[in-house]
Amino acid sequence: MKRIAVLTSGGDCSGMNAAVRAVVRAGLASQVDIIGIYKGFQGLIDRLYENMTTKSVSNVLQRGGTFLQSARCLEMKTKAGLQLATANLKGMGVEGLIVIGGDGSLKGGYAIHQQGVPVIGIPASIDNDIPYTDMSLGVDTALNNIVSAVDNLKDTASSHDRAFVVETMGRGCGYLAVVATIASGAEYSLIPEEDYNLEVICEDLRRRYREGRSNSIILVAEGAGKAQDIADQIKDKIGFETRVIVLGHYQRGGSPTVFDRLLGARFGEAAIENMLKGNHGKMVGLKSAEIQLTNLEKVVKTKSRPIDPMLPLLANRLSV
Ligand code: F6P
């Protein structure tokens, strides 16, 4: 393969730039031309693209969003749009396409793959709803944004004996709300995957108020309802004065965390390696976040954990 294209599609997220950078630098290191497509599948249809150099991806690693820009492209869902996108790829001499995005974008990638252009997908969506990967790109940064917002809200809430109902993103998935609840020490998360009983929640919040707690935080995943509606239903029943905040797109931006930078680098390089090995029609993913027990004896008798030798190699390869 001599020419591979890369695009970012759907909702942007932090870590996409790290993945594009890795695709470009790992590709160039393997003597492959890398074409950056702007504005996702829309740019493929409109032929908005550029040859990527090492310099094209310098100084992007620390930036949120995607420098290639993104779009939600309805035209790609039509037969004519798909055929035009595929024809344009072939016209550019592209022999493989790397699609960085969420479920809809991966579906678009698969449709192109079925048209005979090898495709590899990289899961990127703050919702963390993409199967066959423990984490998608952008999730960790979004979680850090939510937790930092809740930390701030707790300061002001506890100065006034207030409850905050905080709405998080996630579309139909409650992952962000649940994990942020664990990490921020919020009282409740209302998520689409589980039924909740507001009467029971109000009773518990009233108990907290009577105990003299200074604040309460309820996270509402957007798929579970509107924060304002929940606040309207509970405000006169919990003791705490109630305020609402919708975190919205604030969650999606910001400099990527180390986790997202590293994941982007690993996913990007793996996409190139596998594309060149002929393992296409696939999505790269991260597996094995399970908790496991190991005998203490074994732990103390084993040498210090070595770092994965892939990490320094990857660091060197990408910092050209
Ligand atoms: O899929 C990512 C996501 O941020 C969802 O959590 C949210 O529902 C949606 O995108 C918002 O989409 P848009 O940026 O098009 O408003």
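The questions below concern the ligand and the largest pocket of this predicted model.

Q: Which residues surround the ligand?
A: A residue counts as near the ligand if one of its heavy atoms lies within 4 Å of it. The residues that surround the ligand are Arg72, Ile126, Asp127, Met169, Gly170, Arg171, Glu222, His249 and Arg252.

Q: How many residues of the shell around the ligand are charged?
A: The shell divides into three classes, with 2 residues nonpolar and 2 polar. The charged residues of the shell number 5.

Q: How far is a polar side-chain atom of glutamate 222 from an oxygen atom of the ligand?
A: A polar contact requires a pair of N or O atoms within 3.5 Å. For glutamate 222, the distance from a polar side-chain atom to a ligand oxygen is 2.5 Å.

Q: What share of the area that the ligand exposes when taken alone does the protein bury?
A: Taken alone, the ligand exposes 400 Å². The part of this area buried by the protein is 74%.

Q: What is the volume of the largest pocket?
A: The ligand takes up the space of the largest pocket. The volume of this pocket is about 570 Å³.

Q: Which helix gives the most to the lining of the largest pocket?
A: The lining divides into 9 nonpolar, 9 polar and 10 charged residues. One helix, spanning residues 103–114, gives the most to this lining, with 6 residues. That element is helix H4.

Note on methods: Residues numbered from 1 in each chain as written. Predicted model: local features only at pLDDT ≥ 70, side-chain atom pairs only at ≥ 80, totals over all residues. Heavy atoms only, no water. Polar contact = N/O pair within 3.5 Å; in protein donor to acceptor, adjacent residues only side chain to side chain. Areas by Shrake-Rupley, 256 points an atom, 1.4 Å probe, with all protein chains shown as cover. 1 Å grid on protein atoms, 1.4 Å probe; cavity = no way out; pocket = protein on both sides within 12 Å on 5 of 7 lines; lining within 4 Å. Sits in = over half its atoms within 2 Å of the grid points. Nonpolar A, V, L, I, M, F, W, Y, C, P; charged D, E, K, R; others polar. Points joined across faces, edges and corners; volume = space filled by probe spheres on them. Helix = DSSP H or I, 4+ residues; strand = E, 2+ residues; numbered from the N terminus.
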